[in-house]
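Let's work through a few exercises on how strands pair up into sheets. Have the sequence and the 3D view open while you go.

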Amino acid sequence: MTNDNLYQLLHSRFPADENAAFLDHARGTLGYRDADEAGARIAAVLAEAGVGKGARVVVQVAKSPEAVTLYLACLRLGAVFVPLNPAYTAAEVGYFLADASPRVLVCDPAREGELAASAPADTRLLTLGADGAGTLVQAADAAPPRWEIARCAGDDLAAIVYTSGTTGRSKGAMLTHANLAVNALELHEIWHWEPGDVLLHALPIFHVHGLFVALHCAMLNASRVIFLDRFDAAQVIARLPEATVMMGVPTFYTRLLERDDFSRETCAGMRLFISGSAPLLAETHTRFRARTGHTILERYGMSEAGMITSNPYAGARVAGTVGFALPSVRLRIADEAGRPVPPGTVGVLEITGPNVFAGYWQMPEKTAAEHRDDGWFITGDMAVMDETGRVSIVGRARDLVISGGLNVYPKEVETEIDQLPGVAESAVIGVAHPDFGEAVVAVVARAPATQSATQSGATQPDDRQPLDEAAIGTALADRLAPFKRPKRVVFVDELPRNTMGKVQKNQLRERFADLFRGPRPSAAPR
Ligand code: AMP
């Protein structure tokens, strides 16, 4: 009988050389064999705490090699790994604990007291610090390794990943061993992983990108991983010459480009730069190629399905597009009723395939609401597909602006604004408006050279500055139909982003909610 436990697959690909390096980190190097053993010892500790198949283990810790071995230990036991962003407050963690009812919570030693109060009575608390210290490793060091790899079916749960959920309660996407395995094998193949590849890893590991996409590919390839605590441009530039593959969010690439010491030579040994989790600006794509000679490969995915599309390794990697459906993923762009729309038409991106999650944890209604009757998952992203099947993401459906009854896709407006001289980047949002229902509002960050030294927060345009609201209005006049043009342009120092580089449009919507309310509602529209 086969064992579909993901760890069985990963383990089968570990290098034959017992000394082969896995995680090369700030405190030393953890070999594949040692990672396997460390995971087996942690598995023993967890098992002793009552963790068996299907039990949840909630983990809110800093990025560390021990956190990776903790993940491997959970897989080994057939337990359900539930990673949380270390930035969550105790109150937020309290919600996840109540929702996931874990057998074990692993948290930073510094937060033990605070989190103990929010943990259910029957949840055992263990600690793990960024330096590896804490009760988990202490106990693991003294435990005999538990080598057994629990027998799992493909549809057994391996992880619950809570979506960043900008509205309402965060939902736990249930991912199975098969979801993760199929996706990892496909990515390993389509991105042409080669013997000797070295991955530079600067992503967080509480998220699909850094934990599943990056680490699974590396493990399937028996690769060495340059495992950095976090993204630091100087450190990345120092280590890139040793690497061949890097995965990043778009901000990594813009930050690298800001540095004069980031050059073609830095990237001489690189084979592949991959970007995802948020849209990569076409400008970044172009500047990166001009500076380094490398064309960033952009892909698209989400917590609920891992990776969904990718630009081709060998074919054209087109800026502003996320490429084609992965081999096992079926994809359609549909109207509100789930009917496919013709190529070139914007619609909702819907998918089906072995990578698609098993539903939201304890939320059958939400799960049903986000699936069509024929079982296809409604991603919530608006997209357009060309005749060849190449996909471009237009934005989240909830970010769509409906102004005077007409649909405005923020990406289209942002793309026009981003091209204007003096603009660093923009975010287009809908704001309640007495006449239009919603009005298009552009939030613009000026390029550094044009930013006023005294500006902070949202400001009104200033006559002395070359880039102001009027200038943007004039520039857009012959590029966009009137209903798509911003009714207001506001300037900020920078756009709010989360750790994964996603612009937090909900924060912008809240911040500018009253733009058209108050004493002069009719002064705003132009
Ligand atoms: P998460 O579940 O946190 O990984 O967020 C998934 C969401 O990120 C997707 O539904 C998209 O809205 C967005 N996303 C991921 N990759 C891309 C990309 N390459 N371009 C545009 N949006 C992306």
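**Exercise 1.** Work out how strands β13 and β14 pair, and find the bridge partner of M302.

*Solution.* Start with β13, residues 297-302, and β14, residues 306-310: they pair in the antiparallel sense over four bridges. Strands here (E, at least two residues) and helices (H or I, at least four) are DSSP runs, numbered from the N terminus. Two strands count as paired if DSSP finds at least two bridges between them. Now zoom in on M302: its bridge partner in β14 is G306.

A quick word on the model: it's predicted, so local features need pLDDT of at least 70 and side-chain atom pairs count only at pLDDT 80 or more, while totals for chains, interfaces and linings use all residues. Residues are numbered from 1 along each chain as its sequence is written, and side-chain values use heavy atoms, with hydrogens and water left out.

**Exercise 2.** Place β13 and β14 in their sheet, then find what lies across β1.

*Solution.* The order is β2-β1-β10-β9-β11-β12-β13-β14-β15, nine strands in an open sheet with mixed pairing. At the edges sit β2 (28-31) and β15 (324-325), each pairing on one side only. Next, helix α3 (residues 65-77) lies across β1 (21-25), β2 and β10 (224-227), at about 145° to β1. Contact means heavy atoms within 4.5 Å; axes are lines fitted to C-alpha atoms, for helices over the stretch in contact, with angles from 0 to 180 degrees between N-to-C directions.

**Exercise 3.** Find the residue opposite A383.

*Solution.* Five bridges join β18 (residues 377-385) to β19, and the two run antiparallel. Across from A383, in β19, you'll find I393.
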